[in-house]
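Please work through the following exercises with the sequence and the three-dimensional structure side by side. Each one sets a task and then solves it step by step.

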Amino acid sequence: MSRHTIAVIAAAGAMAIAAGGATSQAQAQDVKIGLILPYTGPGAELSPEMDKAIDLYQKLNAAQIKPYKLTIIKRDSKAPNGAAAKIDAQELLTQEKVDVLAGWIYSPDAIASAPVVTAGKRLGVIMNAGTAFITNLSPYYVRTSFTLWQSSYVMGEEAAKYLHAKTAVVAYTDYPPGKDALNAFKYAFEHNGGKVIDAIPAGGPEATPDFTPFFQRVKDEHPNVLFVFVPAGDQATAVVKTFAALGMKAAGTQLIGTGDIVPDDLLQGMGESAVGLITVHHYNADLDNPQNKAFVAAWKKAYGPDSTPNFTSVGAWDGIAAINHALHATKGKIDDGAAAVKSLEGWKFNSPQGPIEIDPHTRDIVMNEYLDQVVKGSDGKLHEKVLATFHNVKDQCKELAIGPCAPKK
Amino acid sequence: MNAVADIAGIVLGGLAAGTVLFIVSVGLSVTMGLMGFVNLAHGALAMFGGYVIVLSMNRAHFGFGAALALGFVATAALSVVLERMLYRRLYRAGELDQVLFTIGLIFIFIASTIIVVGSETQQLQLPPALSGQFNLGFIQYRAYSIFLIVVGFLIALGIWLTFERSRIGGQIRATVDNRRMAESLGIDVDRLFTITFAFGSGMAGIGGGLGAEFLGLDPQYPLKYLVYFLIAVSVGGLGSVIGVYYASLILGILDFVLTLYLPKGGTIFIYALTILILLARPQGLFGRKGL
């Protein structure tokens, strides 16, 4: 054996040891995040909006994430009925041994996963699902998205105060967040002198129904406003187009809703039909604050000038920021679910949507809501104009402790 | 005055929905009546045509008419390929084999569509002339719905005339009534079927595009509406063009009225009614006995 060969073997051995050392060090700092999103099925178009936000956060905030490394393990929650999401949560916890769970676009998915999250004792960051009582279902749930009570309650108040509406019809997708939207709007609207004259369950979240018969019924009832909640996505476009096609505005009915009916990524495709719509939501891509300007600019730079973040992107962005905070606050021991949750109680963050905070009592987000109107800008594109801002809005379902949010006896 | 407008709105809305159903289902009725072939993948061809129409408009900036023509030709061409390569092998197979095969075909269509185009719903961009309101004299109504109703009526009339008056129509009727006898009289049933199958599939393709405004257009389309297509065909009667037309319109109006008055699960009555009709008349409302 020549001297040269021995040197090579020795060098290889040294490298192997070094590599091994590096691996064990990386393992100590590697954090596995299990991401549960619908990559197929009706929500499939929302998942990329959230994935992009998570990627973008990691790219732009690499310095803040150090010395940790985030590994995202994705699982498909398929149809919005909770069945696949629950299995996803189980597999991520038991097989992939993830440190944190995150995602959940649809409420049924988060509701079905709650017992698994509780049993797994890992932090679960809800990045979209908006049914109010979900955070009551597991002490490990923290929500960075929104509740339907936040937007619909404010919309109910403003329908009476700002739009001076006396009568309203509510059309809602018949599943938990839709019922929340109905109850919140009705509660606020009727406490401000309005009257909800009809509530129409308009199909489920699985498929986009033909809204013509539902809206024909509304047209026959001649309310001042039609308040609609449908999950953002295809259903939103169908609502706006059908409303316009039936000529309901000319018949004296104003379409209002949560921001779900005018998600930023679909707004341009809605065209003239969307102009004038009034919604309440916590985010729109036109919001004028430094964080949002930087966020939208970085987004367009990364994903092209025609790509736009929407509120689901911001829920994911804030969610991954929350995970990063918990990671540093627990000094890497984020797999201790109780400690991770505790570190997020009262956490404040400057989000693209404005300042947000996690309510230490409910683990739910506290944030601004904006009364928006769709307007056509001088650039020929559609924009959201903020008519009024409501600061630090809490989830009224839990504040009032009513309906499904009432304490269990 | 208001009541008139309300009722007219309901009738027109239901007729428009029924018309879409007719345009998609008519081909299925004729091919099932002609060959006794259970082609559950008919809706997949409608979806294919719909995608061709919508994508050629949105991405290649085709006009509405040109896109519809392209959708018809492309779907008809694809159906001939499928018929020659795959369907033909199963004509003499049992019904269960045919059902399994065509259901499998649906899944292939769904998966291919997700891979090639994506799983999001495709939006039909209507030409400006059709996207507004149309004044009918006594009410204003959605221009596109009225356009659909008129087009559907013309299509039904055209197909009916072809069936009743033309040579090929006579051959089709003869084959539906008695295939063996038709063959012994020298009618080339295989060729006849290919032509009918291509035409029916092309119509389905047009229906997929025209109906995207009401039924939406996404990869799950062929499964979502399969039951509706089958109800229209079985209630109308296999091989009966007029039967499918009436059945589709009745189904459209009933579905519309029930959804309007009983938004939560009102459509269950449609299934109940279908069962009752088929119990009383297994051959369908307009079907001929002995099929």
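**Exercise 1: The two chains**

Task: find how many residues of chain A are in contact with chain B, and which element of chain A gives the most.

Solution. Counting two residues as in contact if their C-beta atoms, placed from the backbone, lie within 7 Å, we find 24 residues of chain A in contact with 24 residues of chain B. Next come the elements, where helices (H or I, at least four residues) and strands (E, at least two) are DSSP runs numbered from the N terminus: strand E7 (195-201), helix H9 (212-221) and helix H10 (234-245) of chain A give two or more residues to the side that touches chain B. H9(A) gives the most to this side, with seven residues. Finally, by class, this side of chain A has ten nonpolar, seven polar and seven charged residues, where Ala, Val, Leu, Ile, Met, Phe, Trp, Tyr, Cys and Pro count as nonpolar, Asp, Glu, Lys and Arg as charged, and the others, Gly among them, as polar.

A note on the source: this is a predicted model, in which local features need pLDDT of at least 70 and side-chain atom pairs count only at pLDDT 80 or more, while totals for chains, interfaces and linings use all residues. Residues are numbered from 1 along each chain as its sequence is written, and chains are lettered from A and ligands numbered from 1 in the order in which they are written.

**Exercise 2: Two domains and a core**

Task: locate the domains of chain A and say where the largest nonpolar core lies in relation to them.

Solution. The domain assignment, whose bounds come from an automatic or database source, gives domain 1 (29-146 + 289-363) and domain 2 (149-281 + 369-404) of chain A. Their centres, taken over C-alpha atoms, are separated by 26 Å, and the contact takes 23 residues from domain 1 and 23 residues from domain 2.

Turn now to the largest nonpolar core, a set of buried Ala, Val, Leu, Ile, Met, Phe, Trp, Tyr and Cys residues joined through C-beta atoms within 7 Å; a residue is buried if 20 or more other C-beta atoms lie within 10 Å of its own. Of its 200 residues, A:Ala171, A:Phe227, B:Val20 and B:Ala232 touch the most other members. Helix H1 (residues 2-35) of chain B gives the most to this core, with 16 residues. Both domains of chain A give residues to this core, so it lies between them.

**Exercise 3: A buried threonine**

Task: decide whether A:Thr131 is buried or exposed, and list its contacts.

Solution. A:Thr131 is placed in the loop between strand E4 (123-126) and helix H6 (134-137) of chain A. With 26 other C-beta atoms within 10 Å, A:Thr131 is buried. Leaving aside neighbours within four places in sequence, A:Thr131 is in contact with A:Ser107, A:Leu148, A:Pro176, A:Pro177 and A:Asp180. A:Ser107 lies 24 residues from A:Thr131 in sequence, yet the two are 5.9 Å apart in space, C-alpha to C-alpha.

**Exercise 4: Neighbouring strands**

Task: trace how strand E12 (residues 354-358) of chain A pairs with strand E11 (residues 348-351) of chain A.

Solution. Two strands pair if DSSP finds at least two bridges between them, and E11(A) and E12(A) pair in the antiparallel sense over four bridges. The two strands form a hairpin with two residues between them, and A:Lys348 has A:Glu357 as its bridge partner in E12(A).

How values were computed. Buried ≥ 20, exposed ≤ 12 C-beta atoms within 10 Å, placed from the backbone.
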